[in-house]
Amino acid sequence: MENMYFGSEAQQGLQSRTDHLWSLLKSNPDYTCHGRSVALADATPENLARQLALARLLGAGAAEGVATGDVAARTAAINAAGLTTDQYTEWEGKAETLDAARAMIAARKLSDDLVVHATDADTSAEDLQGLDALTQRCEVLLPMASFLRGQDQPTVCLFAKDRDGRIVGASASVVQYHPDHPKGQKAWWGMLSTHPDRRGEGIALIMGAMSLLAMHERFGTAHFMTGIREGNGPSEALCSKLGLRPTAQTFLIAIDAVVFGAARVTK
């Protein structure tokens, strides 16, 4: 089945390039991907050149696990190479996050007019396009279709439809690391999206809890992480309710604006 790419024109180009590069690198534990761009699974002083190469090939290349004290020096080195940067603080949760998700599901339910679906190999292009419309509206980038359909990495993507068939909520999680990597069972989680006219119902919070539990039930995942831009209070509050906490590590993204065509990958 032909792959599908999502987001803006620049983001679709990034995903297309990522698709081809990931087909070459997916067997190497040094690299990771959750369907948006290829990243270095761990930042080290020795792999800066590889991060720069990812950025120049794809338009954006992240290094995960940059210690807080090393961010300034690595950023300066990336800037000196003629590239710009973006960054997110890594938040993570383990058993306490699953406990919080269970408590959330026990305490709160989605509105009766919503039906939750999970993407799989049979999810229609129409539904994926509807998901893309919602996530773009929320400034969130949907992973490429091969991930949503479970063809690349273990993935859960949930979306809620109202009675009119309109997609009004979504959440996703991907076990993005190579199984031989020490972080092999650690999953990226996020993509929380709610249609503007359904905000205030707790849809993102409830569906976020549902996707955490679905990852645990389907794949045994019990370690989750996400990235939050500094100062994003609403995301920090939501993640705190689900037992995730900030770490002393940063996702540092090197961006070649000429190749990518934009200043940052997502909000």
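These are legends for a set of close-up views of a predicted model.

**View 1. The whole chain, before zooming in.** Start with the fold as a whole: nine helices and ten strands make up the secondary structure. Measured out along the principal axes, the C-alpha atoms take up a box of roughly 55 × 40 × 35 Å. For a chain of 267 residues, a compact globule would come out at a radius of gyration near 18 Å, and the value here is 18 Å, so the two agree. Contacts tell a long-range story: among those with a separation of 6 or more, 72% join residues 24 or more positions apart.

**View 2. Surface and charge.** Of the 267 residues, 54% count as buried. What the chain does expose adds up to about 11,400 Å², and carbon and sulfur atoms supply 51% of that area. On the charge side, there are 25 positive and 31 negative side chains. The centres of those two sets sit 3 Å apart. If you like counting ion pairs, the structure holds twelve salt bridges, and a few of them get their own views below.

**View 3. Lys 26 and Asp 152, a salt bridge across the sequence.** Here Lys 26 pairs up with Asp 152, with 2.6 Å between the closest N and O atoms. The two partners come from distant parts of the chain, 126 residues apart. Lys 26 sits in the loop between helix 1 (9-25) and strand 1 (31-33), while Asp 152 belongs to the loop between helix 6 and strand 6 (155-161). How exposed is Lys 26? Its relative accessibility is 33%, so Lys 26 counts as partly exposed.

**View 4. Asp 30 and Arg 50, loop to helix.** This salt bridge has an N to O distance of 3.3 Å between the side chains of Asp 30 and Arg 50. Asp 30 is in the loop between helix 1 and strand 1, and Arg 50 is in helix 2 (residues 48-58), so the pair ties together parts 20 residues apart in sequence. Both ends have some access to the outside: Asp 30 is partly exposed at 37% relative accessible area, and Arg 50 is partly exposed at 33%.

**View 5. Arg 166 and Asp 162, plus a shared-partner network.** The side chains of Arg 166 and Asp 162 form a salt bridge at 3.1 Å, N to O. Which partner is buried, and which is partly exposed? Arg 166 is partly exposed, with a relative accessible area of 31%, whereas Asp 162 is buried at 10%. Elsewhere, Glu 90, Glu 92 and Lys 186 are joined into one network by salt bridges that share partners.

**View 6. Two backbone oddities, Glu 139 and Met 191.** Most residues other than glycine have a negative phi. Glu 139 is not a glycine, yet its phi is positive, about 60°. You'll find Glu 139 in the loop between helix 5 (125-137) and helix 6 (145-148). Met 191 also has a positive phi, about 55°, without being a glycine. Where does Met 191 sit? Met 191 is part of strand 8 (residues 186-194). With a relative accessibility of 4%, Met 191 counts as buried, the cut-off being under 20%.

**View 7. Asp 120, in a loop.** Asp 120 lies in the loop between strand 5 (115-118) and helix 5. At 37% relative accessibility, Asp 120 counts as partly exposed. Setting aside residues up to four places away in sequence, Asp 120 touches Leu 148 and Arg 149. For a sense of scale, the C-alpha atoms of Asp 120 and Ala 248 are separated by 35 Å, with their positions 128 residues apart along the chain.

**View 8. Leu 252, shut away in a strand.** Leu 252 is found in strand 10 (residues 245-255). Its relative accessible area is 0%, so Leu 252 is buried. Which residues does Leu 252 contact, beyond its neighbours within four places in sequence? Among them are Gln 51, Gly 61, Ala 62, Ala 63, Val 66 and Val 71. The list also includes Arg 74, Thr 75, Ile 78, Thr 85, Asp 86 and Gln 87. Ala 49 is 203 residues away along the chain, and its C-alpha atom is 14 Å from that of Leu 252.

Key. Residues numbered from 1 in each chain as written. Predicted model: local features only at pLDDT ≥ 70, side-chain atom pairs only at ≥ 80, totals over all residues. Heavy atoms only, no water. Helix = DSSP H or I, 4+ residues; strand = E, 2+ residues; numbered from the N terminus. Buried < 20%, exposed > 50% of the residue type's maximum accessible area, 1.4 Å probe, protein only. Rg over C-alpha atoms; globule rule 2.2 N^0.38 Å. Contact = heavy atoms within 4.5 Å. Areas by Shrake-Rupley, 256 points an atom, 1.4 Å probe, with all protein chains shown as cover. Lys, Arg positive; Asp, Glu negative; His and termini not counted. Charge placed at Lys NZ, Arg CZ, Asp CG, Glu CD. Salt bridge = Lys/Arg side-chain N within 4 Å of Asp/Glu carboxyl O.
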